[in-house]
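Got the viewer open? Let's take a short walk through this one, stop by stop.

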Amino acid sequence: YQRRVRAYGMKIHAFRAVFDKVVILATVGLIINTVAIAGALKFIMFPDWNWFLALLVGSLLSATDPVAVVALLKDLGVDKRITAAVDGEAIMNDGTACLLYTSDAADEEDSVDTGGCRIIEKKNRM
């Protein structure tokens, strides 16, 4: 019997060994990626966008889901710490991206609180 993290089958001892690296990748790495994507959106693709919209879309696009990579690493028998780092980063990355998105959406003055989630309303202005 081995203790496993629910829904992913990741070994907890391997996850604990790489936890500090996973936290750095899932927070600092995600924030850097969000700003880089927002900058590319704002300056290259959509120059008329404001920073709020660029950061909002950047936070949505920053979350990665390396399911195929994790499956391949497990099939190849790669060191469990590497697999745990990629898998753990994917798990924490999703949560961090949700936090970034909701914090960006909360900054918009035309948003509505729906109990833990904010929805941006577009008002008709004349």
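Is Phe-46 buried, partly exposed or exposed? Select Phe-46 and have a look: with 31% relative accessibility, the residue counts as partly exposed. Keep in mind as you go that this is a predicted model.

Now zoom out and colour by secondary structure. You should find five helices and two strands. Trace the chain along its sequence and the order reads α-α-α-α-α-β-β.

Next, switch on the surface. The accessible surface of the chain is about 8500 Å², and carbon and sulfur atoms hold 63% of that. Of the 126 residues in the chain, 30% are buried. As for contacts with a separation of 6 or more, 54% link residues 24 or more positions apart.

Time for the aromatics. Searching the whole structure turns up two aromatic pairs. Show Phe-43 and Trp-51 as sticks for one of them: the ring centres sit 5.5 Å apart and the planes meet at 75°, so this pair is edge-to-face. An angle over 60 degrees is what earns that label. Phe-43 is exposed, at 59% relative accessibility, while Trp-51 comes out partly exposed at 38%.

Then go back to Phe-46 and add Trp-49. Here the ring centres are 4.3 Å apart with planes at 10°, so the pair is stacked; the cut-off for stacking is under 30 degrees. Trp-49 has 21% relative accessibility and counts as partly exposed. Why does that not make Trp-49 buried? Because buried means under 20%, and Trp-49 has 21%.

Definitions and conventions:
Residues numbered from 1 in each chain as written. Predicted model: local features only at pLDDT ≥ 70, side-chain atom pairs only at ≥ 80, totals over all residues. Heavy atoms only, no water. Helix = DSSP H or I, 4+ residues; strand = E, 2+ residues; numbered from the N terminus. Buried < 20%, exposed > 50% of the residue type's maximum accessible area, 1.4 Å probe, protein only. Contact = heavy atoms within 4.5 Å. Areas by Shrake-Rupley, 256 points an atom, 1.4 Å probe, with all protein chains shown as cover. Phe/Tyr/Trp six-rings, centres within 6.5 Å; stacked < 30°, edge-to-face > 60°.
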